[in-house]
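Trainee: Could you take me slowly through one part of this structure, a pocket and what lines it, and then show me how the rest of the chain can be read in a similar way?

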Amino acid sequence: MFADMGFRMRKSFKLAPGVRMTVSKSGVSYSAGGKGYRVTKTARGGVTRTIGIPGTGLSHSSTVAGGRSSRGSASRSAVRGVPVGKSTKPNKPGLFAPAGEKALHAEVFGKQRAAEIEQIGMSHAEYRPIASAVSGLLAYAGKDYERAERCLGFAFNAGIEPTDDSFFKKYMNATEVSLEIAPGVTAELPMSREAIGLALAEIGQGTGRLDLAIDTVEQLDPTYTAAISLAELYSDAGRHDDVVKLTDGTANADDQSAFLLMLRAVALRELGMPDASKEAFKEALKRRSTDPAIRHRALLERAILNAQQGKKALARKDLERVIADDSTYPGIADLLAALD
């Protein structure tokens with residue numbers, strides 16, 4: 001269903017010409033993973049990894065200040081100006097442009113204050129949807145999640161498609177958004193209804209409201225990006241049957257499909273289907289070029305499956321493959337010792 005769709009992995013987005021923003025889950029506590037492996041990020045940006053073998057009572061937890069460092073992770077939220085294209089000067093409203101358009105343009109290409117942009121939208125109703133979308137993304141990057149949820153929620157419920165908005169077409173048509181939609185997976189896409197919905201879902205997930213996050217993503221058009229976000233949310237909620245249905249027919253063509261296949265394998269394992277789980281893990285790991293963050297997670301999850309089945313030698317082999325790439329990977333050495 002999603003095999004022909006793709007997107008590039010990146011860490012930042014251009015909010016407008018001359019403005020680049022990096023967004024992530026940093027600042028919102030969240031937890032991802034399943035039995036045997038879990039990653040938790042605190043509101044202060046620290047990351048705790050817990051690795052264990054279900055049924056053995058063996059586990060290891062470690063905390064790393066400042067978040068993940070793998071190449072697939074997102075960096076801390078920031079807003080900074082950079083030159084874009086051949087000219088750093090954006091188009092400007094004409095002399096007779098509406099007051100709301102002039103005010104919004106001045107703030108978007110000026111100080112980029114989320115509160116001010118939100119207020120401009122409140123004062124000029126015709127610009128409120130696009131102002132809410134921009135304000136919400138700025139607030140999200142600035143870790144003002146209350147404002148971000150309010151503004152993004154308004155834009156999403158208003159049904160705005162930013163690329164169809166007249167203000168966007170005039171001044172922001174080069175805008176791209178990059179969001180970390182799952183641990184180790186960052187998606188770059190146009191500033192669109194999909195981007196608004198995914199950011200809103202990230203806030204819901206980060207604050208423990210999985211039902212809200214799932215409902216939001218389920219309203220989006222079925223793209224590869226939405227599929228990854230939804231599969232991870234289903235997995236987090238223990239809806240393993242839904243993960244399996246969502247990933248039916250997925251083939252390993254890129255990092256994104258590898259991540260989907262890893263989640264499929266975990267779901268099948270949790271549903272008590274070890275043979276089907278092994279096949280999914282095999283497919284998820286078949287490309288040597290897969291991002292290390294995804295490959296290591298898949299190897300660790302498969303090691304858990306082998307350990308559950310009493311196949312310690314195979315579990316050890318997978319864990320050793322992880323440690324061969326990253327000898328400091330938290331907890332792996334202890335799990336290897338535990339298997340003995």
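**A pocket and its surroundings**

Mentor: In this predicted model, the second largest pocket has a volume of about 180 Å³. Its lining is made up of Lys-278, Glu-279, Lys-282, Arg-302, Asn-306, Leu-314, Lys-317, Asp-318 and Arg-321. If you sort the lining of this pocket by class, you find seven charged residues, together with one polar and one nonpolar residue. Three helices, namely H11 (274–284), H12 (292–308) and H13 (312–325), each supply at least two residues of that lining, and H13 gives the most, with four residues.

One of these helices, H12, is worth following a little further, since His-296 also lies in it. The relative accessible area of His-296 is 7%, and because buried means under 20%, this residue counts as buried. When its neighbours within four places in sequence are left aside, His-296 is in contact with Val-322, Asp-325, Asp-326 and Tyr-329.

Let us now step back to the whole chain, which has 14 helices and nine strands. Of its 340 residues, 54% count as buried, while the chain exposes about 14600 Å², of which carbon and sulfur atoms supply 50%. If you consider the contacts between residues at least 6 apart in sequence, 59% of them join residues that are at least 24 apart.

Helix H7, which covers residues 210–218, lets you see burial along a single element: Leu-210, Ala-213, Ile-214, Thr-216 and Val-217 are buried there. Seen down the axis of H7, these buried residues fall within an arc of 160°, so they line one face of the helix. What do the buried residues of H7 pack against? Their partners are helix H4 (145–157), helix H6 (193–206) and helix H8 (224–236).

A single residue can be read with the same care, and Phe-168, found in helix H5 (residues 166–171), is a suitable case. With a relative accessible area of 4%, Phe-168 is buried. Not counting residues up to four places away in sequence, Phe-168 touches Ile-130, Pro-162, Thr-163, Asn-173, Thr-175 and Met-191. Take the pair Phe-168 and Met-191, which are 23 residues apart in sequence, and whose C-alpha atoms are 9.5 Å apart in space.

Finally, the loops deserve a look, and for them you need one piece of background about the backbone. Most residues other than glycine have a negative phi. Gln-112, although it is not a glycine, has a positive phi of about 55°, and this residue lies in the loop between helix H1 (99–108) and helix H2 (114–123). Lys-143 is not a glycine either, and its phi is positive as well, at about 65°. Lys-143 lies in the loop between helix H3 (128–141) and H4, and H4 is among the helices against which the buried residues of H7 pack. Because partly exposed covers the range between the cut-offs of 20% and 50%, Lys-143 counts as partly exposed at 32% relative accessibility, whereas Phe-168 is buried at 4%.

Note on methods. Residues are numbered from 1 along each chain as its sequence is written. This is a predicted model: local features need pLDDT of at least 70, side-chain atom pairs count only at pLDDT 80 or more; totals for chains, interfaces and linings use all residues. Side-chain values use heavy atoms; hydrogens and water are left out. On a 1 Å grid over the protein atoms alone, a cavity is a set of points where a 1.4 Å probe fits but cannot get out, and a pocket is an open set with protein on both sides within 12 Å along at least five of seven lines; lining residues have an atom within 4 Å of a point. Grid points are joined across faces, edges and corners, and a volume is the space filled by probe spheres set on the points. Ala, Val, Leu, Ile, Met, Phe, Trp, Tyr, Cys and Pro count as nonpolar, Asp, Glu, Lys and Arg as charged, and the others, Gly among them, as polar. Buried means under 20% relative accessible area, exposed over 50%, partly exposed in between (1.4 Å probe, protein chains only). The arc is that of the directions from the helix axis to the C-beta atoms. Contact means heavy atoms within 4.5 Å. Accessible areas come from the Shrake-Rupley method with a 1.4 Å probe; for residues, only the protein chains shown count as cover.
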